[in-house]
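Hi everyone, and thanks for coming. I'd like to walk you through a structure that may be new to you, so please take a look at it with me.

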Amino acid sequence: MTQLQQTYPDPLSVNEVPIQQHFNKGEVTESSTPREPNLRPRMKSDRPSKETDEIKDPAVRIQDLSVWYGSKQAVGNVSLDIARNQITALIGPSGCGKSTLLRCINRMNELISGVRIEGQIEIDGEPLYIDGVDPVEVRRVIGMVFQRPNPFAKSIYDNVAFGARINGYQGDMDELVRQSLEQAALWDEVKDDLKGSGLALSGGQQQRLCIARAIAVQPEVILMDEPCSALDPIATQRIEDLMQELATSYTIVIVTHNMQQAARVSNRTAFMLAQEDLVGRLVEYGQTEQLFTSPSNKRTEDYITGRFG
Amino acid sequence: MSTTAVVNPGRPQRFGHRRSQQFTERVIAAVLFGCAAVTVLTTVGIVVILFSEGLSFFREIHPVDFLTGTRWTPASGNFGVLPLILGTLMIAVGASFISIPVGTLSAIFLAEYASPKVRSIIKPILEVLAGIPTIVYGFFALTFITPLLRDSWLPDVGIFNALSAMIVVGIMTVPMVSSISDDSLRAVPESLREAAYGVGATKFEVITRVTFPSALSGIVASYILAISRAVGETMAVTVAAGATPHLTLNPLESVQTMTAYIVQVTQGEAPHGTIEFRTIFAIAMTLFAMTMIMNLLSARIVSKFRERYE
């Protein structure tokens with residue numbers, strides 16, 4: 001009677017272990033993270049990280065990008081190169097412009113009325129912000145997965161086929177749907193019920209369905225705007241695993257509130273921050289491991305050690 | 001759970017102080033129920049009167065003769081309601097040829113294309129259209145639309161004709177379609193539009209493949225409401241289409257609708273208590289049945305086609 005509210009530990013903040021500890025190889029033991037083994041945060045440091053900070057042939061090149069909503073500037077002069085077939089995380093506190101920046105990459109932000117964008121974004125060296133570029137074409141090359149799973153109120157099959165259909169896909173649609181669902185690690189769960197509604201799936205399945213829907217258009221880049229923020233830890237884990245697999249064939253940019261997630265999944269991390277003028281700027285960008293273990297900027301260090309944000 | 005009270009010594013009693021509030025809550029619930037009951041009782045009363053008077057009519061005139069007869073001249077003993085039904089349906093269908101396309105397209109414009117500024121101008125104007133008394137529409141049809149039709153390409157149109165009634169009833173019900181459809185289009189979550197844009201849909205594709213299907217239940221509901229309104233519309237039709245019960249599909253002739261006939265009878269043409277007077281209850285019963293069937297049909301259609309997004 002007295003205890004009406006039960007408090008659960010926040011599953012996404014990995015036991016409040018200081019974030020740097022994820023990179024102290026071998027130090028994160030089972031005892032320090034008493035969780036199911038398969039929920040143990042995976043270390044990016046397991047991966048070979050021989051690349052230098054120089055990004056050759058970036059998939060996406062953001063140059064001096066500034067964004068205004070009406071008269072309010074939200075993003076100021078961000079320049080950022082995004083490496084091909086890697087996962088790049090954008091982190092920072094709420095209102096730092098990271099989602100805005102992400103949504104500029106596939107020209108999604110223009111759907112908001114009163115938005116003004118300056119600067120340039122190139123994909124494979126091709127500028128997106130010039131006359132004659134149709135945002136619709138851009139979005140076919142740069143797919144997006146949103147914060148909340150947003151499947152259409154259609155069947156699983158039609159959800160996946162949606163983008164391909166409107167893009168006039170000529171090939172075998174059944175095959176494309178199967179492949180996309182397989183790549184999104186959802187096929188085995190839904191293969192017997194492709195005519196069932198996408199909304200009947202669980203939240204995590206819905207988000208994987210949305211990923212399958214994005215993949216089915218065969219994009220080069222996938223933007224993910226806090227894709228796990230509405231999911232439980234197990235579903236989050238599956239999406240993170242999936243991102244690792246997808247990174248072998250796609251360039252992934254993920255916005256996340258969750259520093260542990262950035263640390264777990266990304267190769268590179270960009271830290272953004274809005275200061276007194278409320279304009280989001282890029283503070284630091286580099287290899288994820290480097291940024292979390294030895295940040296060069298004091299504000300980055302304060303943020304990743306949880307002193308604010 | 002033990003039922004014996006264990007009172008902590010030295011501690012004030014914590015429960016049982018809010019009896020008066022509980023009473024207030026009950027009174028509030030009772031008042032609210034009373035208000036709801038008024039509408040239910042009214043409906044029941046109307047149905048009872050309709051049916052008792054209607055049935056006494058049907059004791060004299062067989063329902064089959066009533067429903068299948070093709071001549072409606074109660075004064076000389078012909079009680080075939082088909083001309084009235086046909087007149088009513090013709091005007092309702094004709095009106096929906098205007099209200100559904102114009103209303104739907106303007107709803108799509110308002111919800112998806114119009115800038116907030118344009119919207120803030122057009123939406124109130126549409127709502128004013130809905131607030132104009134229907135007799136004014138009838139007058140407008142008689143003194144403006146019919147002469148216009150005559151002077152332009154339909155010189156043989158009668159002074160009273162079904163066509164001008166269709167046109168004004170159509171215009172009259174546009175706001176009903178556009179306003180409700182606009183609301184249901186705008187109720188479609190932005191996240192669904194974004195999802196479609198995100199895979200490279202054009203604005204038109206987003207609307208036709210995502211927004212519109214998701215809003216379909218509300219849109220179809222608006223159609224049914226508009227048609228029901230056209231079926232039940234009285235004054236404009238009485239003025240514009242006249243009072244000649246013709247079994248015709250020619251919109252250039254005068255017709256009489258069911259409602260227009262009821263107006264005519266209640267104007268005192270038939271003495272109270274006669275069979276002629278009781279025809280209005282039979283007709284009202286038929287109207288009631290028609291709108292009822294339409295509402296049931298629409299519920300069916302909506303549950304079949306809607307794309308639930310919740």
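I'll start with the two chains, then go on to a pocket, some aromatic pairs, one helix and two charged residues. Please keep in mind that this is a predicted model.

Let's begin with chain A. It contains ten helices and ten strands. The chain has 309 residues, and 55% of them count as buried. Its accessible surface is about 13,900 Å², with 47% of that belonging to carbon and sulfur atoms. If we take the contacts in chain A with a separation of 6 or more, 68% are between residues 24 or more positions apart.

Now chain B. Here we find eleven helices and two strands. Their order along the sequence is α-α-β-β-α-α-α-α-α-α-α-α-α, so you can follow it on the screen with two helices, then the two strands, then helices to the end. Of the 310 residues in chain B, 43% are counted as buried. The accessible surface comes to about 16,800 Å², and carbon and sulfur atoms hold 69% of it. For contacts in chain B with a separation of 6 or more, residues 24 or more positions apart make up 69%.

Next, the pocket. How much space lies in the largest pocket? The value is about 480 Å³. It has 18 lining residues, and those closest to its centre are A:Leu111, B:Ala111, B:Glu112, B:Glu190 and B:Lys203. On the chain B side, α3 (82-113), α4 (116-131) and α7 (190-198) each give at least two residues to the lining. As for character, the lining has eight nonpolar, two polar and eight charged residues.

On to the aromatic rings. Over all chains, the structure holds eleven aromatic pairs. One of them is A:Phe152 with A:Phe162, a tilted pair with 4.4 Å from centre to centre and 45° between the planes. A:Phe152 sits in the loop between β6 (142-145) and α3 (156-166) of chain A, while A:Phe162 is in helix α3 itself, so the pair ties together parts that are ten residues apart in sequence. Both of these phenylalanines, A:Phe152 and A:Phe162, are buried.

Now compare that with a pair in chain B. The ring centres of B:Trp72 and B:Tyr261 are 5.0 Å apart and their planes stand at 85°, so this pair is edge-to-face. B:Trp72 belongs to strand β1 (residues 72-73) and B:Tyr261 to helix α10 (residues 258-269), so to speak two distant parts of chain B, with their positions 189 residues apart. B:Trp72 and B:Tyr261 are both buried. They also belong to a cluster linked by ring pairs, together with B:Phe57, B:Phe58, B:Phe66 and B:Phe79.

Let's return to helix α3 of chain A, where we met A:Phe162. Is this helix enclosed or open? Nine of its eleven residues are buried, so α3(A) is largely enclosed by the rest of the structure. Among the buried ones are A:Ile156, A:Tyr157, A:Val160, A:Phe162 and A:Ile166. What covers them? From chain A, the cover includes α2 (135-141), α4 (173-183), α5 (187-190) and α6 (203-216). Chain B takes part too, with α7 and α8 (203-232). Just after the helix, A:Gly168 has a positive phi of about 65°.

That mention of α7 of chain B brings me to B:Glu194, which lies in that helix. Its relative accessibility is 16%, and since buried means under 20%, B:Glu194 counts as buried. Leaving out residues up to four places away in sequence, B:Glu194 touches A:Arg103, A:Met108 and A:Phe146.

My last stop is B:Lys123, in helix α4 of chain B. Buried or exposed? B:Lys123 is buried, with a relative accessible area of 14%. Again not counting residues up to four places away in sequence, B:Lys123 touches B:Leu110, B:Ser179, B:Asp182 and B:Asp183. The C-alpha atom of B:Lys123 is also 9.2 Å from that of B:Ser178, and the two residues are 55 apart along the chain.

That's the tour. Thanks for listening, and I'm happy to go back to any part of it.

Key:
Residues numbered from 1 in each chain as written. Chains lettered and ligands numbered in written order. Predicted model: local features only at pLDDT ≥ 70, side-chain atom pairs only at ≥ 80, totals over all residues. Heavy atoms only, no water. Helix = DSSP H or I, 4+ residues; strand = E, 2+ residues; numbered from the N terminus. Buried < 20%, exposed > 50% of the residue type's maximum accessible area, 1.4 Å probe, protein only. Contact = heavy atoms within 4.5 Å. Areas by Shrake-Rupley, 256 points an atom, 1.4 Å probe, with all protein chains shown as cover. 1 Å grid on protein atoms, 1.4 Å probe; cavity = no way out; pocket = protein on both sides within 12 Å on 5 of 7 lines; lining within 4 Å. Points joined across faces, edges and corners; volume = space filled by probe spheres on them. Nonpolar A, V, L, I, M, F, W, Y, C, P; charged D, E, K, R; others polar. Phe/Tyr/Trp six-rings, centres within 6.5 Å; stacked < 30°, edge-to-face > 60°.
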